[in-house]
Amino acid sequence: MEELKCIGCGSILQTENSNQVGYIPPHKLTEDADEILCQRCFRIKHYRDLPDIELNHEDFVKILNDIAKTDALVINVVDLFDLTGSLIHGIHRYIGNNDLILVGNKRDILPKAINNDKIKNWIRKIISDYGYQVKDIILISSKRGDGIDELFTTIEKYRKDRNVYVIGCTNVGKSTLINAIIKRFTPITKDVITASIYPGTTLGLIEIPLDDNHFIIDTPGIINHHQYAFYLDKNHLKHILPDREINPKVYQLNPRQTLFIDGLARIDFVSGKRTSFVCHFSNAVKIHRTKLENADNLFAKHLGELLSPPTKEEYEKLGKYVKYEFKTPKERSDIVISGLGFISLKDENLKVVVHAPKHVGVYIRPSLY
Ligand SMILES: Nc1nc2c(ncn2[C@@H]2O[C@H](COP(=O)(O)OP(=O)(O)OP(=O)(O)O)[C@@H](O)[C@H]2O)c(=O)[nH]1
Ligand SMILES: [Mg+2]
């Protein structure tokens, strides 16, 4: 029998094992093949529930390695809210010499006041350290459909009779982007591919035909273990992932003051001159200010209550927080907690200690401002 694929996630359909990728109850296989969704996609779509299914990272890497062997145009989608966390180290190892366009998605989350040229220059500065060689950088919001026309024109310019692969880390919005392209350029008005807030939604290649025997191809995300989302309970993902423009919150701090980002991270301003901490987190996240000397007590007393998420159980799972120490450089900088948000600091010689779970990426980068 010819292999059937789920249109939502690209997995090969099977009727044998309900705990594995691509499962579909046998009676559903009789429906119109174009419409077939695996049980997992069906549940994400209709119940916003993600059944636990084992994902295999090796499979994803193999799919990407195959791209290096073909002549194609590659679109690497990154999440503007977590740029460094969503870049692919050694990307040209995966894609070979193929032409590359970098797409900064979720533009709607960053403050409108920052202009796009500034964001592009900032991206150029950061990606040069990662060995990226790009033909172009396009900023879009797949969710709102902004920038889709410009992206499509750029794709047409570089495609030259080839397939287009859309790659990137999990949750950057690859599937949402392809849905946006479908909705913009075909009569279809609903989302065809499954997209969700859960990292690891797309499981196989999904080929969407272009008008000349070539395809635009959605791929499974590369798992990014340094993202906060990876360690949180499903219910709390929504809380930390912004779904609209972030409203930066400014705290004028004296040295020896501390900010708690719910109970998810703690930022100690250890020394330096009085300055503003410009906090960029999801609007749902609460920030608490306290004296550094009271911070340990406050955390011990209020974790899981005033300071939540995480719950106490989640905190256990996350492992003890570790400390990351930074001294700000001359140029304005951002301290980033991957997937949770960032704090922008304009002054130099500020000593800042961040407490966050061991596996979550915490780093300093040139500022977005
Ligand atoms: N605010 C905002 N959210 C977006 C945008 N694009 C995608 N998202 C959200 O990001 C989450 C992930 O989107 P997906 O399209 O499933 O991401 P993906 O890259 O295909 O993820 P995997 O299949 O897991 O690799 C969903 O909750 C989307 O609604 C955007 O432009 N703005
Ligand atoms: Mg996807």
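Helices and strands are DSSP runs, numbered from the N terminus, with at least four residues for a helix and at least two for a strand. In this predicted model, Tyr165 is found in strand E4, which covers residues 163–167. Tyr165 counts as buried, because 25 C-beta neighbours lie inside 10 Å and the cut-off is 20 or more. Its contacts beyond four places in sequence are Ile67, Ala72, Val74, Ile75, Ile217 and Thr219. Tyr165 also comes close in space to a residue distant in sequence. Its C-alpha atom is separated by 6.3 Å from that of Leu73, 92 residues away along the chain.

Helix H6 spans residues 148–159. At 1.5 Å a residue, its 12 residues should cover 16 Å, and the end C-alpha atoms are 16 Å apart, so the expected and modelled spans agree. Just after H6, Lys160 takes a positive phi of about 45°.

Helix H7 covers residues 174–185. Its 12 residues should span 16 Å at 1.5 Å a residue; the end C-alpha atoms are 17 Å apart, which agrees. Much of the description of H7 concerns its buried residues. Lys174, Ser175, Thr176, Leu177, Ile178, Asn179, Ala180 and Ile181 are buried. The buried residues of H7 pack against two helical or strand elements already described, H6 and E4. They also pack against strand E1 (72–79), strand E2 (99–105), strand E5 (206–209) and strand E6 (215–218).

H7 also takes part in the surroundings of ligand 1. The shell around ligand 1 holds 25 residues, of which Gly173, Ser175, Ala195, Thr202 and Gly221 come nearest. H7 gives the most to this shell, with 3 residues. By class, the shell has 6 nonpolar, 14 polar and 5 charged residues. Ser175 is thus named twice: it is among the residues that come nearest to ligand 1, and it is buried in H7.

The domain assignment of the protein chain gives three ranges: domain 1 (1–54), domain 2 (57–224) and domain 3 (240–366). The C-alpha centres of domain 2 and domain 3 lie 30 Å apart. Across the boundary, 13 residues of domain 2 are in contact with 13 residues of domain 3. On the domain 2 side, helix H3 (83–86) and helix H5 (116–128) are the elements that give two or more residues. H5 provides the largest share, 3 residues. By class, this side of domain 2 has 7 nonpolar, 2 polar and 4 charged residues.

Strand E14 covers residues 341–345. This strand is mostly covered, with 4 of its 5 residues buried. E14 pairs with two strands. Strand E10 (residues 275–281) runs antiparallel to E14 and is joined to it by 4 bridges. Strand E13 (residues 333–337) is also antiparallel to E14, and 5 bridges join the pair. Ile343 of E14 has a partner in each direction: Cys279 stands opposite Ile343, and Ile335 stands opposite Ile343 as well. E13 and E14 form a hairpin with 3 residues between the strands. In this hairpin, Gly339 takes a positive phi near 85°.

How values were computed. Residues are numbered from 1 along each chain as its sequence is written. Chains are lettered from A and ligands numbered from 1 in the order in which they are written. This is a predicted model: local features need pLDDT of at least 70, side-chain atom pairs count only at pLDDT 80 or more; totals for chains, interfaces and linings use all residues. A residue is near a molecule or strand if its C-beta atom, placed from the backbone, lies within 6 Å of it. Ala, Val, Leu, Ile, Met, Phe, Trp, Tyr, Cys and Pro count as nonpolar, Asp, Glu, Lys and Arg as charged, and the others, Gly among them, as polar. A residue is buried if 20 or more other C-beta atoms lie within 10 Å of its own, exposed if 12 or fewer, and partly exposed in between; C-beta atoms are placed from the backbone. Two residues are in contact if their C-beta atoms, placed from the backbone, lie within 7 Å. The expected span of a helix is 1.5 Å times one less than its number of residues. Domain bounds come from an automatic or database domain assignment. Two strands pair if DSSP finds at least two bridges between them.
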